[in-house]
Amino acid sequence: MSTLLHAEVTGRFDHAGNANALVYSPLASPHTYHATRRYVLELAEDTPEAMAAARAFVEKTLVEEVSQQAHFGEAPALS
């Protein structure tokens, strides 16, 4: 049985943007958004070693260490 690792990459210095930039017609009320990248990795093995290797892959390969950070878990990194 496989297991899933949920990771979300956020910018350390990013700020909320105007949500009107995402739609064709202006929104009725002001809204903001934060851009993130969400990954779901399916691991072939359900072992602590496999989970640690997957977390290391995310942190070393998918995250730029100075300007980004990784959050793990199914819950959104930002709310």
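**Strands, core and a charge over a ring**

Visitor: Which residue in β5 stands opposite G11?

Guide: Q68 does. Please keep in mind that this is a predicted model.

Visitor: What makes β1 and β5 a strand pair?

Guide: Pairing takes at least two bridges found by DSSP. β1 and β5 have five, in the antiparallel sense, so they count as a pair.

Visitor: How do you know that β1 and β4 pair?

Guide: The cut-off is again at least two bridges. Strand β1, residues 3–11, joins β4 in the antiparallel sense over seven bridges, so this is a pair too. Within β4, L4 has E42 as its bridge partner, while L5 has L41.

Visitor: What makes β4 and β5 edge strands?

Guide: The open sheet has three strands in the order β4-β1-β5, with antiparallel pairing. β4 (37–43) and β5 (68–72) each pair on one side only, which is what makes them the edges. On average, neighbouring strands here are turned by 25° against each other, direction ignored.

Visitor: Why is β1 described as largely enclosed by the rest of the structure?

Guide: Of its nine residues, seven are buried, so the description fits β1. Buried here stands for under 20% relative accessible area.

Visitor: Which residues make up the largest nonpolar core?

Guide: There are nine: L5, A7, V9, L41, L43, A54, V58, L62 and V63. The elements contributing two or more residues are β1, β4 and α1 (48–62). One core member, L43, is in contact with S2, T3, A50, M51 and A54, leaving aside neighbours within four places in sequence.

Visitor: Why is V66 called exposed?

Guide: The word applies over 50% relative accessible area. V66 has 54%, so V66 is exposed. V66 lies in the loop between α1 and β5, and touches R12 and F13, not counting residues up to four places away in sequence. Along the chain V66 and F13 are 53 residues apart, yet 9.8 Å separates their C-alpha atoms.

Visitor: What makes you say that the charged end of R55 sits over the ring of F72?

Guide: For an Arg, CZ must be within 6 Å of the ring centre and within 35 degrees of the ring normal. The charged end of R55 is 3.8 Å from the centre of the F72 ring, so the distance condition is met. R55 is listed as sitting over that ring, so the angle condition holds as well.

Visitor: And how many aromatic pairs are there in the whole structure?

Guide: Zero: the search finds none. A pair would need ring centres within 6.5 Å.

How values were computed. Residues are numbered from 1 along each chain as its sequence is written. This is a predicted model: local features need pLDDT of at least 70, side-chain atom pairs count only at pLDDT 80 or more; totals for chains, interfaces and linings use all residues. Side-chain values use heavy atoms; hydrogens and water are left out. Helices (H or I, at least four residues) and strands (E, at least two) are DSSP runs, numbered from the N terminus. Axes are lines fitted to C-alpha atoms, for helices over the stretch in contact, and angles run from 0 to 180 degrees between N-to-C directions. Rings of Phe, Tyr and Trp (its six-membered ring) pair if their centres lie within 6.5 Å; planes under 30 degrees apart count as stacked, over 60 as edge-to-face and the rest as tilted. A nonpolar core is a set of buried Ala, Val, Leu, Ile, Met, Phe, Trp, Tyr and Cys residues joined through side-chain atoms within 4.5 Å. Buried means under 20% relative accessible area, exposed over 50%, partly exposed in between (1.4 Å probe, protein chains only). Contact means heavy atoms within 4.5 Å.
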